Amino acid sequence: MDEFELIRRIAPRSLSHREIEIGIGDDAAVYNPKKGYQEIVCVDTMVDGVHFLSSHSTPADIGYKALAVNISDIAAMGGYPKFYLVSIAVPSGRRESDIEAMYEEMTKLAKLYQMDLIGGDTVSTRGQMVITVTVIGEVEKGRACLRSHARPGDVVFVTGELGSSAAGLSLLLGDRFTNDEGLVQHFMKRHKRPEPRVKAGLICSRYQRVALNDISDGLASELNEIAEASRVSIDIYQDSIPTHSELHKLHSDWEEWVLFGGEDFELAGTISSDQWERFAQECSSCGVPVYKIGQVVQSGEAKVFYHSGQDRILLEKKGYNHFKQDR
Ligand SMILES: Nc1ncnc2c1ncn2[C@@H]1O[C@H](COP(=O)(O)OP(=O)(O)O)[C@@H](O)[C@H]1O
Ligand SMILES: Cc1ncc(C[n+]2csc(CCOP(=O)(O)OP(=O)(O)O)c2C)c(N)n1
Ligand SMILES: [Mg+2]
Ligand SMILES: [Mg+2]
Ligand SMILES: [Mg+2]
């Protein structure tokens, strides 16, 4: 594999954004930020064996998810994605066609949002494959949906089905808890091909003081982050959390998956209660699912409580933790 030949092949032939002065081809990219907007930058890494298994995911799946999870972080700020950079560490045994397949899938996803690839890095590794994607996005000045925006009385909401990605991961790891091929495909897709909630995030950014987080580490972890950043407590209700209608019948771990499984890449957030109805209406007319799952409560402490039947259980900030796998 020739590094320079590879870069030549993956470099885009045309760009969507005219703000780019120089993309791929110099020491760094140069673009002109738009007036009246703020830039949003995020980066997430995916490692073979930790975030995916090359034995179970195609290069296309890996490329798709590496970009999608970063677009999801831009959505969680209420912004829209514009540019991305990709850094890959390629194990010596990998075929060039695999890398091209990864890029092809990223290009397809990027096209949906008119995003441009403006740079990256290519290295070899004697270890596992690592892919790191940086996404740059924009939000109108002062409109970012910060974790610190929640206030007592706000409605707590999520944008879609939780727990299905963790169900997909469990299937992937060999737990054949259902033979229904339709369900298997559904859960696998939720795990391998999460759809970033950009439209939902953009709607949120037009309302005052929406707090948002995308669900990478699990609902419990993300809500605790909002509670901590806003110094409020949160109550959520088991029977209000959207899940696949079959999930609870299929596996005894379903509730763990919903609360702590992670990688749903839905948005979890809060909005002032007097704006909730209008917000829910607007989401529904734009085809964005949104469900009220609880409310922010007055408190000096940052705690999340889970109501299940008559019980009010403290929901700890556990979930996916890279240095503390407590599940
Ligand atoms: N190694 C690091 N160096 C600097 N900042 C980091 C590092 N890891 C995470 N962060 C920052 O910490 C915050 C939380 O990160 P993370 O939990 O990964 O967020 P997310 O789940 O949205 O990807 C982010 O602002 C992120 O940029
Ligand atoms: C092989 C494999 N094992 C376990 C998981 C589950 N998993 C890995 S990372 C992760 C959390 C999300 O990744 P992270 O790097 O923490 O993303 P961030 O929170 O920074 O967005 C989860 C649930 C997986 N996707 N694949
Ligand atoms: Mg991260
Ligand atoms: Mg995030
Ligand atoms: Mg994480």
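**Note on the ligand and magnesium sites**

1. An oxygen atom of ligand 1 lies 3.0 Å from an N or O atom in the side chain of Asp 73, a polar contact (a pair of N or O atoms within 3.5 Å; within protein, one must be able to donate a hydrogen and the other to accept it, and residues adjacent in sequence count only if both atoms are side-chain atoms). The protein covers 28% of the 560 Å² of accessible area that ligand 1 has on its own, areas coming from the Shrake-Rupley method with a 1.4 Å probe, where for residues only the protein chains shown count as cover.

2. This is a predicted model, in which local features need pLDDT of at least 70 and side-chain atom pairs count only at pLDDT 80 or more, while totals for chains, interfaces and linings use all residues. Residues are numbered from 1 along each chain as its sequence is written, chains are lettered from A and ligands numbered from 1 in the order in which they are written, and side-chain values use heavy atoms, with hydrogens and water left out.

3. The residues around ligand 1 are Asp 44, Asp 73, Arg 147 and Ser 216 (a residue is near a molecule or strand if one of its heavy atoms lies within 4 Å of it). Side-chain N or O atoms of Asp 44 and Ser 216 are also placed by oxygen atoms of ligand 1, at 3.4 Å for Asp 44 and 3.3 Å for Ser 216.

4. Asp 73 (OD) and Asp 214 (OD) are the protein donors of the magnesium ion (ligand 4), 2.1 Å from it; donors are N, O and S atoms within 2.8 Å of the metal (3.2 Å for Na, K and Ca), and sites may look incomplete because water is not among the atoms. Asp 73 belongs to helix H2 (residues 59–75) and Asp 214 to strand S8, so the pair ties together parts that are 141 residues apart in sequence. Helices (H or I, at least four residues) and strands (E, at least two) are DSSP runs, numbered from the N terminus.

5. For the magnesium ion (ligand 5), the protein donors are Asp 217 (OD) and Asp 217 (OD), 2.3 to 2.6 Å away. Asp 217 lies in the loop between strand S8 (211–214) and helix H7 (219–230). The magnesium ion (ligand 3) is 5.2 Å from ligand 5 and 5.9 Å from ligand 4.

6. A polar side-chain atom of Asp 217 is also 3.0 Å from an oxygen atom of ligand 2. Taken alone, ligand 2 exposes 590 Å², of which the protein buries 85%. Among the 13 residues around ligand 2, those coming nearest are Asp 44, His 51, Ser 216, Glu 263 and His 322.
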